[in-house]
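Got the viewer open and a selection box ready? Here's a walk through the fold, one stop at a time.

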Amino acid sequence: MILRRAGRLELIEGPAPEPREGEVLLKTAHCALCRTDAKMWRQGHRDLELPRVPGHEVCGVVEGEPGHFVVWPGAACGHCGACLSGRENLCAAMRILGFHRDGGLADLVAVPRGSLVPVPHGLEGHLAVLAEPLACTLNAMDRVALGPGERVLILGGGPVGLLMGLAVLAARACPSIVDPDRRKLAKGRLFRLGTGIEASEAPGAGPWDVVVNAAPDGATVLEGISRVRKGGRFCLFSGLTSPEAVPVSWLNEIHYREIQVSGAYGCTREQMRRALGIIAAHRAGVEMLIEERVSLDHVTDSLSAIWDGRALKVVVDL
Ligand SMILES: [Zn+2]
Ligand SMILES: [Zn+2]
């Protein structure tokens, strides 16, 4: 499936990709779709180079090797300051699968051997494929150095907010998801029942040690900053898509109440390994996060449902 330009996604027959030195050919088994894929298709993306096979949440097999692998979507140099400090997602030479190089919405994909992360024995591939988005939420919680018992307010009850709930539980902290959209909350209900994560239409009184935005509108960020306790942390997880200027009053909240603000973008291999373990421990709940499993010729329909906020996770089976 090839994205030629924003709005034009085509299913084509093409030659198999040629793995370069240090790469292997992965036979894709599953590729999950997310809002970033929908955004690329509708609007383009800062890091996207066209034309491109999209798909950065990938699980598959390598000929001659046992078991399944998920793919860390980065390709990092391994020797810059970011790589050496364990923050390889910030590598200066970063090349992202499905953005800078062809991704998983294809039968075959060439990936660096070092980007393969083995799936634990017995964990189904269609669940393992959610390791990438879960790992991105683990990165967010690593950025704010979340500790046991802390209370975390997650603004946004879509798939990312729900996965963020698992990342908070994994740190033995207490997640609370808020979304004003009742339909969205209803969609996540079975996942929340399976995992014991609570959610509501409006935030409780707090205090909130950490607040994170899992929705791309500026109003959510404004609200988030106002909810953090004095000296607490705010994580800007979803990039903002609306162009409004940030009010000075917002910045002054950070000043007067000594709020620490962290960005979070992408994930590391180590976070993907942890994510696989968390998925294996919450199998039944994670299954409830998958709204639909589709074939390649349904991708456009699924992307429009995701863009409109009508779908939880959609997994493409190849
Ligand atoms: Zn994604
Ligand atoms: Zn590097």
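## Stop one: two odd backbones

At 63% relative accessibility, R172 counts as exposed. Bear in mind as you go that this is a predicted model. Select R172 and you'll be in the loop between α5 and β9 (174–178). Check its backbone: R172 isn't a glycine, yet its phi is positive, at about 55°.

Now jump to E258, in the loop between α9 (248–256) and β13 (260–263). E258 is another non-glycine with a positive phi, this time about 50°. With a relative accessibility of 62%, E258 is exposed. Most residues other than glycine have a negative phi, and most peptide bonds are trans.

## Stop two: cis peptides

Stay with the backbone and select L50 and P51. The peptide bond from L50 to P51 is cis, its omega near -5°. You'll find P51 in the loop between α1 and β4.

Next, pick G206 and P207, where the peptide bond is cis with omega near 5°. P207 sits in the loop between β10 (198–200) and β11 (208–213).

## Stop three: α4 and its neighbours

Two packed helices are described by the angle between their axes and the distance between the axes. Select residues 131–143 for α4 and 159–170 for α5: these helices pack at an angle of about 60°, with axes 8 Å apart. Angles of 65 to 115 degrees would count as roughly perpendicular, so α4 and α5 are oblique to each other. Their crossing is right-handed. To see the contact, show P133, L134, T137, L138, A140 and M141 on the α4 side, and V160, L163, M164, L166, A167 and V168 on the α5 side. Colour by class and you get 11 nonpolar residues, 1 polar and no charged ones.

Keep α4 on screen and add α10, residues 269–281. Here the angle is about 110°, and the axes are again 8 Å apart. That angle makes α4 and α10 roughly perpendicular, and α4 passes α10 in a right-handed crossing. From α4, light up A131, E132, L134, A135, L138, N139 and D142; from α10, light up Q271, M272, R274, A275, L276, I278 and I279. The residues of this contact divide into 9 nonpolar, 2 polar and 3 charged.

Before leaving α5, click on P159, which belongs to that helix. Leaving aside residues up to four places away in sequence, P159 touches L289, A311, L312 and K313. Want a distance to try? Draw a line from the C-alpha of P159 to that of G103: the two are 56 residues apart along the chain and 21 Å apart in space.

## Stop four: α1 against α12

Select residues 35–43 (α1) and 299–307 (α12). Their axes come within 9 Å and cross at roughly 105°, which means α1 is roughly perpendicular to α12. The α1 side of the contact is R35, D37, A38, K39, W41, R42 and Q43, and the α12 side is T300, L303, S304, I306 and W307. By class, that's 5 nonpolar, 3 polar and 4 charged residues.

## Stop five: salt bridges

Side chains of opposite charge can pair when their charged atoms come close. The model has 21 salt bridges in total; here are some to look at.

Start with E23 and R101, whose side chains meet in a salt bridge at 3.0 Å, N to O. E23 is in strand β3 (residues 23–33) and R101 in the loop between α2 (81–84) and β6 (108–112), so the pair links distant parts of the chain, 78 residues apart. Are these two buried or exposed? Both E23 and R101 are buried.

Next, take K313, which you've just met as a contact of P159. K313 forms a salt bridge with E57, at 2.8 Å from N to O. The pair connects strand β15 (residues 313–317), home of K313, to strand β4 (residues 57–62), home of E57, across 256 residues. K313 and E57 are both buried.

Finish with E65 and R113, a salt bridge with the closest N and O atoms 2.8 Å apart. E65 lies in the loop between β4 and β5 (69–71), R113 in the loop between β6 and β7 (116–118), 48 residues apart. E65 is partly exposed, with a relative accessible area of 26%, and R113 is partly exposed too, at 42%. As a last selection, try R4, R8 and E10, joined into one network by salt bridges that share partners.

Definitions and conventions: Residues are numbered from 1 along each chain as its sequence is written. Chains are lettered from A and ligands numbered from 1 in the order in which they are written. This is a predicted model: local features need pLDDT of at least 70, side-chain atom pairs count only at pLDDT 80 or more; totals for chains, interfaces and linings use all residues. Side-chain values use heavy atoms; hydrogens and water are left out. Axes are lines fitted to C-alpha atoms, for helices over the stretch in contact, and angles run from 0 to 180 degrees between N-to-C directions. Helices (H or I, at least four residues) and strands (E, at least two) are DSSP runs, numbered from the N terminus. Angles under 35 degrees count as roughly parallel, over 145 as roughly antiparallel, 65 to 115 as roughly perpendicular and the rest as oblique. A crossing is left-handed if the near helix is turned anticlockwise from the far one by less than a right angle, and right-handed if clockwise. Contact means heavy atoms within 4.5 Å. Ala, Val, Leu, Ile, Met, Phe, Trp, Tyr, Cys and Pro count as nonpolar, Asp, Glu, Lys and Arg as charged, and the others, Gly among them, as polar. A salt bridge is a side-chain nitrogen of Lys or Arg within 4 Å of a carboxyl oxygen of Asp or Glu. Buried means under 20% relative accessible area, exposed over 50%, partly exposed in between (1.4 Å probe, protein chains only).
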